[in-house]
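Student: I would like a close look at one single part of this protein, please. Could you pick a residue, show me its surroundings, and then walk me outwards to the rest of the chain?

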Amino acid sequence: MRVLPTLGGLMLAGAATTAALNNSYCTPKSGDVQVVQYAWALEYMVEQYYASVPVNQTFLHSALNSSTANYALNLAGMQQQNRLGVRAAQQLGKTISNFTAPGCNFTFPAPNSSETFLTTALTFESDVCAALIGLEGYTQAPEVSFLIARLAAQHAGHAAYLATTQEAVIFPSNVTSLVPAYSPSYVLSNGSSPGQLGSYFKGCVSAPQPPCGNLTIGPLIATYGSNSSSSSAASMSTATSSSASASGASSASATATSTGSSRRRFW
């Protein structure tokens, strides 16, 4: 009479053991170290940008739409969210052996006006959002993918808020691509095109390698098998083919050269 309960107990124990073994393959491994370090560096860069000037009402009062955009309160909250992003990447990194926070020391040119500061903030938030979206193709464990997705969504919200205060058209009807996505090697390269941030990172962090071979990020989907240079080029064309996206991302050049007549003034 005790055979069935005993068998049931053994089956449950076996299932629990199998689940535990399967879970062991899902926790972050050494292959995710570079991914988390790269994410940490992206978060730290934006957080340090907001910390580089006194983000208060006195500094921001002359910016476009300053009377209605609540810049001081919103930017303080955005800086705090970026600070939490750094902390989250650090906490996740502590679960992976051999993780150390990169030795990045970011410096930024002093903005000549609060408006310049905001347009650069929009560029950084957009670029980092696209960089994190591109990073999704480089993760190996669900825990890492989950954090990267949350951080990307957070920067998308920041970029969308800043875009609505600076630009007249946020969602153009002639868009031909999904939201921009940049490969890590492209983001860390030197240049002045949208998404190229290598001049700020200065080699303090290295680009992670995709776990399934070279990844090409196209306008709509990503595919494996192409060489890394085409991956970077595709990432760049994804962003430049659309002047804005659902994340509020826009090119750095478009942001910098937008005129007063094209900016949003109806708060």
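Tutor: Happy to! Let us begin with Tyr49, which sits in helix 2, the stretch covering residues 33-51. Please keep in mind that this is a predicted model. Is Tyr49 buried or exposed? Its relative accessible area is 4%, and buried means under 20%, so Tyr49 counts as buried.

What does Tyr49 touch, once its neighbours within four places in sequence are set aside? Its contacts are Phe108, Thr116, Phe117, Thr120, Ala121 and Phe124. Take Phe108 from that list: Tyr49 and Phe108 are 59 residues apart along the chain, yet their C-alpha atoms are separated by 7.1 Å. This fits a pattern in the chain as a whole. Of the contacts between residues at least 6 apart in sequence, 78% join residues at least 24 apart.

Now look at the helix on the other side of these contacts. Helix 5 spans residues 114-135, and Thr116, Phe117, Thr120, Ala121 and Phe124 are among the residues that Tyr49 contacts. Here a general point about helices is handy. An α-helix has 3.6 residues a turn, so residues three or four places apart point the same way. With that in mind, have another look at the numbering of the contacts in the structure.

Helix 5 has 22 residues and runs 31 Å from its first C-alpha to its last, close to the 32 Å expected at 1.5 Å a residue. How many of its 22 residues are buried? The count is 19, so helix 5 is largely enclosed by the rest of the structure. For the chain overall, buried residues make up 46% of the 267 residues.

Let us go back to helix 2, where Glu47 forms a salt bridge with Arg83. The closest N and O atoms of this pair are 3.6 Å apart. A search of the whole structure finds one salt bridge. The pair links distant parts of the chain, with Glu47 in helix 2 and Arg83 in helix 4, 36 residues apart. The two partners are covered to differing degrees: Glu47 is buried, at 8% relative accessible area, whereas Arg83 is partly exposed, at 32%.

Just ahead of helix 4 comes a loop, which connects helix 3 (57-60) to helix 4 and holds Asn65. Asn70 lies in the loop between helix 3 and helix 4 as well. For Asn65, phi is near 65 degrees, a positive value in a residue other than glycine. Asn70 also has a positive phi, about 50 degrees, although it is not a glycine. As for cover, Asn65 counts as buried at 13% relative accessibility, while Asn70 counts as partly exposed at 46%.

On the far side of helix 4 (71-93), the loop leading to helix 5 contains Cys104. Which residue does Cys104 pair with? Its partner is Cys204, and the two form a disulfide with their sulfur atoms 2.0 Å apart. Cys104 lies between helix 4 and helix 5, and Cys204 in the loop between helix 8 (198-201) and strand 1, so the disulfide ties together parts that are 100 residues apart in sequence. The link is right-handed, with 80 degrees about the S-S bond. Both Cys104 and Cys204 are buried. The structure holds one disulfide. Two more cysteines are worth finding in the picture: Cys129 counts as buried at 2% relative accessibility, but Cys212 is exposed at 54%.

From strand 1 we can step to the surface. Ile221 is found in the loop between strand 1 (215-217) and strand 2 (222-224). Ile221 is exposed, with a relative accessible area of 63%. Together with Leu178 and Leu220, Ile221 forms a nonpolar patch on the surface with about 340 Å² of accessible area. The whole chain exposes about 12,800 Å², and carbon and sulfur atoms supply 59% of that area.

Finally, place your starting residue in the overall layout. The chain has ten helices and two strands, which follow each other in the pattern α-α-α-α-α-α-α-α-β-β-α-α. Tyr49 belongs to helix 2 in that order, and its contacts include Phe108 and Phe124.

Terms used: Residues are numbered from 1 along each chain as its sequence is written. This is a predicted model: local features need pLDDT of at least 70, side-chain atom pairs count only at pLDDT 80 or more; totals for chains, interfaces and linings use all residues. Side-chain values use heavy atoms; hydrogens and water are left out. Helices (H or I, at least four residues) and strands (E, at least two) are DSSP runs, numbered from the N terminus. Buried means under 20% relative accessible area, exposed over 50%, partly exposed in between (1.4 Å probe, protein chains only). Contact means heavy atoms within 4.5 Å. Accessible areas come from the Shrake-Rupley method with a 1.4 Å probe; for residues, only the protein chains shown count as cover. The expected span of a helix is 1.5 Å times one less than its number of residues. Patches are made of residues with over 30% relative accessible area and no salt bridge: like charges are joined within 9 Å, nonpolar side chains (Val, Leu, Ile, Met, Phe, Trp, Tyr) within 5 Å. A salt bridge is a side-chain nitrogen of Lys or Arg within 4 Å of a carboxyl oxygen of Asp or Glu. A disulfide is a pair of cysteine sulfur atoms within 2.5 Å.
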